[in-house]
Amino acid sequence: METIDLHAHTTASDGSLTPAELVDLACQIGLKAMAITDHDTVAGVAEALSRGKEVGVEVVPGIEISAEFKTGTMHMLGYFIDPAHPALVSSLTKLQEARRNRNPKIVAKLNELGVDITMEEIEAVAGGEQIGRPHFAKVLESKGYVSSFNEAFDRYLAKGASAYMDKFRFTPAKAMDMILKAGGLPVLAHPFTLGFNEPEELEALISRMVDNGLAGLEVYYSEHTSEMNEKYLALAEKYDLCPTGGSDFHGNNKFKIELGRGMGNLAVPYAWLSCLRQRLNKGT
Ligand code: AMP
Ligand code: FE
Ligand code: FE
Ligand code: ZN
């Protein structure tokens, strides 16, 4: 089966490979297509597209936008967006500003907790590009304040942990609208992070989002169980959504996850990308 990976991060956000390195890896492992989905930025898209043409991997321009959601974490994937779309670019600038406001607050909180850490150290790890919490985790680990990347999240950085700081996010409807107006298709990422207890809650949300233009649901994902895969595939079918899937590869910033293979058994069929292309051509 020809496989693809529709969820991966680069150095433009919190991944450890450059866009070109990521596409080279996709080529090496034999993926037919991949999407680049950096958090709140399209800065890596152009480089990935041009490398894709050079090495013969279909690269889908994408993004992963964090949206406001009370019970948990909502990430909206957007595929086939125009990375130069002015309204998208200006809305993303707001999210990038929100990060720049938040980051020194995390540093101040960590200092208050007795952790000797500076903004300059975080910036050095991020290599001058957009900063995310994984960069904090790396510094905490390398300075010996935690013994693992995950411990950095559990103790300090995760939602509810001691140095967690909230930042501005758009509503889910606005995040979808940004993607739609930029010519793209909105897809709800890793539904389990929404923090629902009852299956009806997810179904009600999806039903509302479909009315606002939702085009797909991330069905296969590194951290989904096979029960989750089945449940989400049934929901995608019921609401006429394209199923999608991806690893959420971050290079060595999320070490157990491999591009294209996730934790080892991920295999996203090329047909799922064809579904998105058909939807795009139909114009939802
Ligand atoms: P940020 O974009 O700065 O809010 O950071 C969010 C990113 O941090 C996510 O996309 C993941 O890459 C990572 N992350 C969030 N929560 C965790 C966690 N509990 N364990 C490991 N990584 C996490
Ligand atoms: Fe991330
Ligand atoms: Fe995500
Ligand atoms: Zn992601």
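Start by selecting β3 and β4: these two strands run antiparallel and are joined by six bridges. Keep in mind as you click around that this is a predicted model.

**The sheet**

With β3 and β4 still highlighted, pick A67 and look across to β4, where M74 stands opposite. Now widen the selection to the whole sheet. It is open and has eight strands, in the order β7-β6-β5-β4-β3-β2-β1-β8, with mixed pairing. Follow that order out to its ends and you reach β7 and β8, the edge strands; each has a single partner, so one side of each is left without a neighbour in the sheet. As a reminder, strands of a sheet pair through backbone hydrogen bonds, in either a parallel or an antiparallel sense.

For a parallel pair, select β1 and β2, which are linked by two bridges. I4 is a good residue to click here, as its bridge partner in β2 is A33.

Stay on β2, residues 33–36, and show the side chains. In a regular strand they alternate between the two faces of the sheet. Which residues cover the two sides of β2? A33 and A35 lie on one side and M34 and I36 on the other, and all of them are buried.

**First iron ion**

Next, select the iron ion (ligand 2) and display the protein atoms around the metal. Its protein donors are D14 through OD, H39 through NE2 and H250 through NE2, at 2.1 to 2.3 Å. Along the chain these donor residues follow the spacing D-x24-H-x210-H. Colour D14 and H250 to see how distant parts of the chain are linked here: the two are 236 residues apart. D14 sits in the loop between β1 (3–5) and α1 (19–28), while H250 belongs to the loop between β7 (242–246) and β8 (268–269).

Are D14 and H250 buried or exposed? D14 has a relative accessibility of 6%, so it counts as buried. H250 is buried too, at 4%.

**Second iron ion**

Draw a distance from ligand 2 to the iron ion (ligand 3) and you should get 6.0 Å. This second ion is coordinated by E64 (OE), H75 (ND1) and H190 (NE2), at 2.0 to 2.2 Å. The donor spacing in sequence is E-x10-H-x114-H. Here, too, distant parts of the chain are linked: E64 is in strand β3, whereas H190 is in the loop between β5 (185–188) and α8 (199–211), 126 residues away. Both E64 and H190 are buried.

**The largest pocket**

Switch to a surface view and find the largest pocket, which holds about 1,100 Å³ of space. It is lined by 42 residues, and those closest to its centre are T73, H75, R133, F153 and K254. H75 is worth a second look, as it is also a donor to the iron ion (ligand 3).

Which elements each supply at least two residues of the lining? Select β3 (58–67), β4 (74–79), α3 (86–112), α5 (133–142) and α6 (149–157) to see them. Of the contributors, α6 gives the most, with four residues. Then colour by domain: domain 1 (3–92 + 168–282) and domain 2 (103–157) each provide at least three residues of the lining. Recolour by residue class and the lining divides into 13 nonpolar, 13 polar and 16 charged residues.

**Two loop residues with positive phi**

Most residues other than glycine have a negative phi. Two aspartates go the other way. Select D240 first: its phi is near 55°, and it lies in the loop between α9 (226–238) and β7. D240 is exposed, with a relative accessible area of 52%.

Then jump to D248, where phi is near 65°. You will find D248 in the loop between β7 and β8, the loop that also holds the iron donor H250. At 4% relative accessibility, D248 counts as buried.

**Last stop: C27**

Finish on helix α1 by selecting C27. This cysteine is partly exposed, with a relative accessible area of 34%. Add E58 and draw a line between the C-alpha atoms: C27 and E58 are 31 residues apart along the chain, with 9.6 Å separating those two atoms.

Terms used. Residues are numbered from 1 along each chain as its sequence is written. Chains are lettered from A and ligands numbered from 1 in the order in which they are written. This is a predicted model: local features need pLDDT of at least 70, side-chain atom pairs count only at pLDDT 80 or more; totals for chains, interfaces and linings use all residues. Side-chain values use heavy atoms; hydrogens and water are left out. Donors are N, O and S atoms within 2.8 Å of the metal (3.2 Å for Na, K and Ca); water is not among the atoms, so sites may look incomplete. Buried means under 20% relative accessible area, exposed over 50%, partly exposed in between (1.4 Å probe, protein chains only). On a 1 Å grid over the protein atoms alone, a cavity is a set of points where a 1.4 Å probe fits but cannot get out, and a pocket is an open set with protein on both sides within 12 Å along at least five of seven lines; lining residues have an atom within 4 Å of a point. Grid points are joined across faces, edges and corners, and a volume is the space filled by probe spheres set on the points. Ala, Val, Leu, Ile, Met, Phe, Trp, Tyr, Cys and Pro count as nonpolar, Asp, Glu, Lys and Arg as charged, and the others, Gly among them, as polar. Domain bounds come from an automatic or database domain assignment. Two strands pair if DSSP finds at least two bridges between them.
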